[in-house]
Amino acid sequence: MGTLPPLPPLLVDRMLGRLARWLRLLGADAESWTAVDDDALLARLRGSGRTLVTRHRRRAARLAQLGLPVLPLVADDLGGQLRETFARHAPPPPERRFTRCGRCNAPLSAATIAEAAAWVPAHVARTQTRFARCPSCGRIYWPATQPARFVRDLARFLGPTTG
């Protein structure tokens, strides 16, 4: 078996919102698509370099016929969706984890304690030393217990070799 191709920039269908968030936490460029208009979807996909991720079989078939990149999924659970995705594409390397905003997909920027202090609970500002800020939506992130829980849940979904 050869090496899997890297995960391309994605446009994730609205019915896969939880998958989109997990892909972003893994460091993938996974934009959410919530509109229902197929013409707008076609316009967004054409020339964007993004691959549509969807469980909608008819839409996937239609777009594939038009030569647009589609990653059709069958699983209705997050673990199955992640396994299907990473059976076709290599997951982002571990060093890319937590480099994108889980909410809006923008790449995160480092933030100082002083910058974060106004936006996080006081005990977080006192106990944490690393912060990241989303330049798009303004959300502040810090490591706390999320990375350990994330690796544990990822291993549960994909197997222990993914941590």
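In the predicted model, strand 1 and strand 2 run parallel and are joined by four bridges. Within this pairing, L10 lies opposite A30 of strand 2. Strand 1 is also joined to strand 3, again in parallel, by three bridges, and here L11 is placed opposite L52 of strand 3. Strand 3 in turn pairs with strand 4 in the parallel sense over three bridges, with L52 opposite V70 of strand 4. Together these strands form an open sheet of four strands with the order 2-1-3-4 and parallel pairing. Strand 2 (30–33) and strand 4 are at the edges and have a single partner strand each, so one side of each has no neighbour in the sheet. On average, and with direction ignored, neighbouring strands of this sheet are turned by 25 degrees against each other.

The side chains of strand 3 alternate: T51 and V53 point one way, L52 and T54 point the other way, and all are buried. Two helices lie across the sheet. Helix 1 lies across strand 1, strand 2 and strand 3 (51–54), and runs at about 160 degrees to strand 2. Helix 3, residues 57–65, lies across strand 1, strand 3 and strand 4, at about 150 degrees to strand 4.

The chain as a whole contains seven helices and seven strands. In sequence order these follow the pattern β-α-β-α-β-α-β-α-β-α-α-β-β-α. The C-alpha trace spans about 55 × 35 × 25 Å along its principal axes. Of the 163 residues in the chain, 42% are buried. Among contacts with a separation of 6 or more, 50% are accounted for by residues 24 or more positions apart.

The largest nonpolar core holds 21 residues, of which L10, V12, L19, W22, L23, V53 and L82 touch the most other members. At least two residues of this core come from each of strand 1 (10–13), helix 1, helix 4 and helix 7. Helix 1 makes the largest contribution to this core, with five residues. When residues up to four places away in sequence are not counted, L10 touches L23, D29, A30, E31, R50, T51 and V53. There is also a second, separate core of ten residues, which includes L41, L42, L63 and V70.

Helix 4 spans residues 78–88, and eight of its eleven residues are buried, so the helix is largely enclosed by the rest of the structure. The buried residues are L78, G79, G80, Q81, L82, E84, T85 and F86. The elements covering them include helix 1 (17–25), strand 4 (70–72) and helix 7 (146–158). One of these buried residues, L82, is also listed with the residues of the largest nonpolar core that touch the most other members.

Aromatic pairs number two in the model. In one pair, the ring centres of W22 and F157 are 5.3 Å apart and the ring planes stand at 75 degrees; the pair is therefore edge-to-face. This pair links distant parts of the chain, since W22 belongs to helix 1 and F157 to helix 7, 135 residues apart. W22 is buried, having a relative accessible area of 8%. F157 is likewise buried, with a relative accessible area of 13%. The ring of F157 has a further partner in R156, whose charged end sits over the ring, 4.8 Å from its centre.

A further open sheet has three strands in the order 5-6-7, with antiparallel pairing. Its edges are strand 5 (109–111) and strand 7 (140–141), each with a single partner strand, so one side of each is left without a neighbour in the sheet. Strand 5 pairs with strand 6, residues 131–133, in the antiparallel sense over three bridges. In this pairing, A111 has F131 of strand 6 as its bridge partner.

Key
Residues numbered from 1 in each chain as written. Predicted model: local features only at pLDDT ≥ 70, side-chain atom pairs only at ≥ 80, totals over all residues. Heavy atoms only, no water. Buried < 20%, exposed > 50% of the residue type's maximum accessible area, 1.4 Å probe, protein only. Contact = heavy atoms within 4.5 Å. Core = buried A, V, L, I, M, F, W, Y, C linked by side-chain atoms within 4.5 Å. Pairing = 2+ DSSP bridges. Axes fitted to C-alpha atoms, helices over the stretch in contact; angles between N-to-C directions. Phe/Tyr/Trp six-rings, centres within 6.5 Å; stacked < 30°, edge-to-face > 60°. Lys NZ or Arg CZ within 6 Å of the ring centre and 35° of its normal.
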